Amino acid sequence: MDKIVIQGGRPLKGEIEISGAKNAALPILAATLLSPGEHRLSRVPQLGDVRTIKRLLEKIGARISEENGVCSVQVGEIENNEAPYTWVKTMRATILVLGPLVARCGEAHVSLPGGCAIGARPIQLHLDGLKKMGAEIEIKHGIIHAKAARLKGANIYFETPTVTGTENLMMAATLAEGTTVLENAACEPEIVDLAQFLNGTGAQILGAGTDRIVINGVQALHGSAYAVMPDRIEAGTFMLASAITKGDLLLKKCRPSDMVSIVEKLRAAGSEIEEGKDSLRVIGGKIRAVDIKTQPYPGLPTDMQAQFMALMSLSDGSSVITETIFEARFTHVAELRRMGAQIRLEGNHAVIKGVAKLSGAPVMATDLRASASLILAGLVAEGETEVLRIYHLDRGYEAIEDKLSKVGASIQRVKGQG
Ligand code: EPZ
């Protein structure tokens, strides 16, 4: 396993180009299962999770090729309608092939995702919705067996907003007989991106981005060309890299309109931020203590919580971070403490007392965004930080050490020692 070694204390200065969004690319790639046509996708990020879902799609029957930044995907026919545990344990988002497979070929056998480092992460709402649409669902030996000659439109209410649940059922509904209404749907920008992609293939989806989405089922969908939206969490992570190192970074090819909660919170925490149409300039200043509460979109994303905790570890006072989405998303706390952070946990609250400096240390990545927070801490800590098990990081960040070293960080990947 690789590790990343950082010599802290260098303010970041320069420009970083933001990649396509992991959490839009994954459902869009799953959605290619819905039609036999060719889909030409651009801005698909080169990430661990994207490589995983591409390999699974090929097992299912997709032909995938890449040329000049365009990823061509064509699922002429479904050769295999299974997603076994070996795939799902690598990446929970594999569950996103369930809805499209049932809609396309009437049957799917997908392993039930287990829990993960940040929580139990059940998917019952996905299954309840498919049942409402007429699917027969049986779980045996950890495998979800779902069958439906043709799904029927239904009115589905989510007792809690679920991003991939909304995506799974939105995809399934595109080929259902009749109209499906998703109430209390998740509103994340990645859902809007998926809906725009699907409508480009002939789907009829209205209201994506609101908590009520209406999908009129059609007989068939066709191929398309689409550019994946920029990754708002990658952009947010680099914004905080500039803030924590008191740097001056210009982020290009991002979409500030998706990031209002992150921009406002970081301004309150002392950074100067200039917004362009598809760029953000972040100039770090004195880090001010602010309280943070994660919420469904348009609230502050849970995927930015760990990164903000690294920043608040160096603030001028005390801050409280409240995690409302996942019940165990504080695995980065123990590692930040090893670097000198003063953090106390009380249930789903973390109380952080800012310190003057962090000190470099060997630390362990535990999940994707926790590893990003350790990178941020290492960029500013005194001395050397080693981040181990960075396969977590590679799942969601494209060549992060290259992007950071280009703007002045002393950061390198050491093969096979993590
Ligand atoms: C998506 O996960 C993202 N993953 C996560 O990003 C993100 O943290 C999360 O949404 C919240 O924004 C992808 O898009 C691939 P949820 P998802 O279903 O869909 C509960 C990252 O770092 N729930 O919106 O799995 C659940 O337990 C990853 O890129 C149920 O109770 O999250 C949680 O408390 C991490 N029953 C809440 O809803 C269900 O059936 C939100 O989860 C489904 C969810």
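**Questions on a predicted fold**

Visitor: What share of the accessible surface of the protein belongs to carbon and sulfur atoms?
Guide: The accessible surface comes to about 15900 Å². Accessible areas come from the Shrake-Rupley method with a 1.4 Å probe; for residues, only the protein chains shown count as cover. The part that belongs to carbon and sulfur atoms is 49%.

Visitor: What kind of model is this, and from which number are residues counted?
Guide: This is a predicted model, where local features need pLDDT of at least 70, side-chain atom pairs count only at pLDDT 80 or more, and totals for chains, interfaces and linings use all residues. Side-chain values use heavy atoms, with hydrogens and water left out, and residues along each chain, as its sequence is written, are numbered from 1.

Visitor: How many helices and strands are there, and what is the radius of gyration of the protein?
Guide: The secondary structure comes to 14 helices and 24 strands. These are DSSP runs numbered from the N terminus: helices are H or I of at least four residues, strands E of at least two. The globule rule (2.2 Å times the number of residues to the power 0.38, with the radius taken over C-alpha atoms) gives 22 Å for 418 residues, and the protein is close to that, so it is as compact as a globular protein of that length. Its radius of gyration is 21 Å.

Visitor: What percentage of the residues in the protein is buried?
Guide: Buried means under 20% relative accessible area, exposed over 50%, partly exposed in between (1.4 Å probe, protein chains only). Of the 418 residues, the buried ones make up 57%.
The C-alpha trace spans about 65 × 45 × 40 Å along its principal axes. The buried share, once more, is 57%.

Visitor: What share of the contacts with a separation of 6 or more joins residues 24 or more positions apart?
Guide: Contact means heavy atoms within 4.5 Å. Among contacts in the protein at a separation of 6 or more, residues 24 or more positions apart account for 72%.

Visitor: How are helices α8 and α10 oriented to each other, parallel or antiparallel?
Guide: The axes of α8 (residues 232–244) and α10 (residues 305–312) come within 10 Å and cross at roughly 5°. Axes are lines fitted to C-alpha atoms, for helices over the stretch in contact, and angles run from 0 to 180 degrees between N-to-C directions. Under 35 degrees counts as roughly parallel, over 145 as roughly antiparallel, 65 to 115 as roughly perpendicular, and the rest as oblique. The two helices are therefore roughly parallel.

Visitor: How many nonpolar residues does the contact of α8 with α10 have?
Guide: Ile233, Thr237, Leu240, Ala243 and Ile244 in α8 meet Gln307, Phe308, Ala310 and Leu311 in α10. Nonpolar covers Ala, Val, Leu, Ile, Met, Phe, Trp, Tyr, Cys and Pro; charged covers Asp, Glu, Lys and Arg; the others, Gly among them, are polar. The contact has two polar residues, no charged ones, and a nonpolar count of seven.

Visitor: How many residues of helix α1 are buried?
Guide: Helix α1 runs over residues 22–31. Its buried residues include Lys22, Pro27 and Ile28. The helix is largely enclosed by the rest of the structure, because its buried residues number nine of the 10.

Visitor: Which elements cover the buried residues of helix α5?
Guide: In α5 (residues 124–132), Leu125, His126, Leu127, Gly129 and Leu130 are buried. Just after the helix, Gly134 takes a positive phi of about 100°. The cover over those buried residues includes α4, β8, β9, β10 and α6.

Visitor: What is the relative accessibility of Thr385?
Guide: Thr385 lies in strand β23 (residues 384–388). Beyond its neighbours within four places in sequence, Thr385 contacts Ile4, Val5, Ile6, Met339, Gly360, Ala361, Val363 and Gly378. Thr385 counts as buried, because its relative accessibility is 0%.

Visitor: How far is the C-alpha atom of Glu15 from that of Leu280?
Guide: Glu15 sits in strand β2 (residues 13–17) and is partly exposed at 48%. Setting aside neighbours within four places, Glu15 contacts Leu250, Lys252 and Val407. Leu280 is 265 residues away along the chain, and the C-alpha separation is 9.9 Å.

Visitor: Is His141 buried or exposed?
Guide: His141 is in the loop between β8 (136–140) and β9 (143–147). It has a positive phi of about 50° although it is not a glycine. With a relative accessible area of 81%, His141 is exposed.

Visitor: What is the omega of the peptide bond from Tyr297 to Pro298?
Guide: Pro298 is found in the loop between β18 (292–293) and α10. The bond from Tyr297 is cis, with omega near 10°.
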